Amino acid sequence: MATYEEVKEVPNHPEVYLIDVRNKDEVTNTGSIPASIHIPLPELENALTMPEGDFLSTFKRDKPSTDSVIIFSCMSGRRAQIATDLALNHGFKKAKSYHGSWSEWAGKRGL
């Protein structure tokens with residue numbers, strides 16, 4: 001499980017992926033954690049299995065390898081855990097959830 005401190009350092013670690021699986025309207029209404037990639041949960045499986053070139057053109061970032069650290073966030077942690085389980089099932093061995101997700105992030109940042 002990822003911590004607030006770990007997520008706070010993601011912009012300083014380009015090898016780490018932070019994927020926000022909230023719905024588009026949630027991200028629009030609240031904002032997002034810096035350096036996160038927005039992939040709504042219903043689209044995640046397709047994103048994780050798409051060819052590398054398609055991932056790059058869609059998300060403007062190289063596709064994570066199965067050895068990449070991937071942290072999933074949502075609003076409160078439930079969907080982040082679902083996303084983590086999905087990624088692990090697709091062979092992404094270092095996938096983990098940010099249990100506090102946006103709720104913790106916003107609270108600690110005064111947003």
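## A buried strand and the sheet around it

Strand 1 (residues 16–20) is a good place to begin: five of its five residues are buried, so this strand is largely enclosed by the rest of the structure. Here, buried means under 20% relative accessible area, exposed means over 50%, and partly exposed lies in between, with a 1.4 Å probe and protein chains only. Strands (E, at least two residues) and helices (H or I, at least four) are DSSP runs, numbered from the N terminus.

A word on what you are looking at: this is a predicted model, in which local features need pLDDT of at least 70 and side-chain atom pairs count only at pLDDT 80 or more, while totals for chains, interfaces and linings use all residues. Residues are numbered from 1 along each chain as its sequence is written, and side-chain values use heavy atoms, with hydrogens and water left out.

**The sheet**

In a regular strand the side chains alternate between the two faces of the sheet. In strand 1, Val16, Leu18 and Asp20 point one way, Tyr17 and Ile19 point the other way, and all are buried.

Which strands make up the sheet, and in what order? The sheet is open and has four strands in the order 2-1-3-4, with parallel pairing. Strand 2 and strand 4 (94–97) stand at the edges with a single partner strand each, so one side of each has no neighbour in the sheet. On average, neighbouring strands of this sheet are turned by 30° against each other, direction ignored.

Two strands pair if DSSP finds at least two bridges between them. The table gathers the pairings, with one example of facing residues for each.

| Strand pair | Bridges and sense | Residues opposite each other |
|---|---|---|
| Strand 1 and strand 3 | five bridges, parallel | Val16 and Val69 |
| Strand 1 and strand 2 (residues 36–38) | three bridges, parallel | Ile19 and Ile37 |
| Strand 3 and strand 4 | four bridges, parallel | Ile71 and Lys96 |

Ile19 is worth finding in the model: Ile37 stands opposite this residue in strand 2, and Phe72 is the bridge partner of Ile19 in strand 3.

At the edge, strand 4 has a covered face with Ala95 and Ser97. Lys94 and Lys96 form its uncovered face.

**Ile70, inside strand 3**

Ile70 lies in strand 3. Is Ile70 buried or exposed? With a relative accessibility of 0%, Ile70 counts as buried. Contact means heavy atoms within 4.5 Å. Leaving aside neighbours within four places in sequence, Ile70 is in contact with Tyr17 and Ile19, with Pro64 and Phe92, and with Lys94, Ala95 and Lys96. Ile70 and Glu15 are 55 residues apart in sequence, while their C-alpha atoms are 9.2 Å apart in space.

**Gly77, between strand and helix**

Further along the chain, Gly77 sits in the loop between strand 3 (69–73) and helix 5 (78–89). Gly77 counts as buried, at 3% relative accessibility. Not counting residues up to four places away in sequence, Gly77 touches Tyr98, His99 and Ser101. Ser57 is 20 residues from Gly77 along the chain, and their C-alpha atoms are separated by 28 Å.

**Two helices side by side**

Two packed helices are described by the angle between their axes and the distance between the axes. Helix 3 (residues 41–49) and helix 5 pack at an angle of about 20°, and their axes are 10 Å apart. That makes the two helices roughly parallel. Axes are lines fitted to C-alpha atoms, for helices over the stretch in contact, and angles run from 0 to 180 degrees between N-to-C directions. Angles under 35 degrees count as roughly parallel, over 145 as roughly antiparallel, 65 to 115 as roughly perpendicular and the rest as oblique.

Which residues bring helix 3 and helix 5 together? From helix 3, Leu41, Leu44, Glu45 and Leu48 meet Arg79, Ile82, Ala83, Leu86 and Ala87 of helix 5. The residues of this contact divide into seven nonpolar, no polar and two charged. In this grouping, Ala, Val, Leu, Ile, Met, Phe, Trp, Tyr, Cys and Pro are nonpolar, Asp, Glu, Lys and Arg are charged, and the others, Gly among them, are polar.

**Two loop residues with positive phi**

Ala35 is found in the loop between helix 2 (24–30) and strand 2. Although Ala35 is not a glycine, its phi is positive, at about 75°. Ala35 is partly exposed, with a relative accessible area of 41%.

Lys60 is found in the loop between helix 4 (52–59) and strand 3. The phi of Lys60 is near 60°, a positive value in a residue other than glycine. At 65% relative accessibility, Lys60 counts as exposed.
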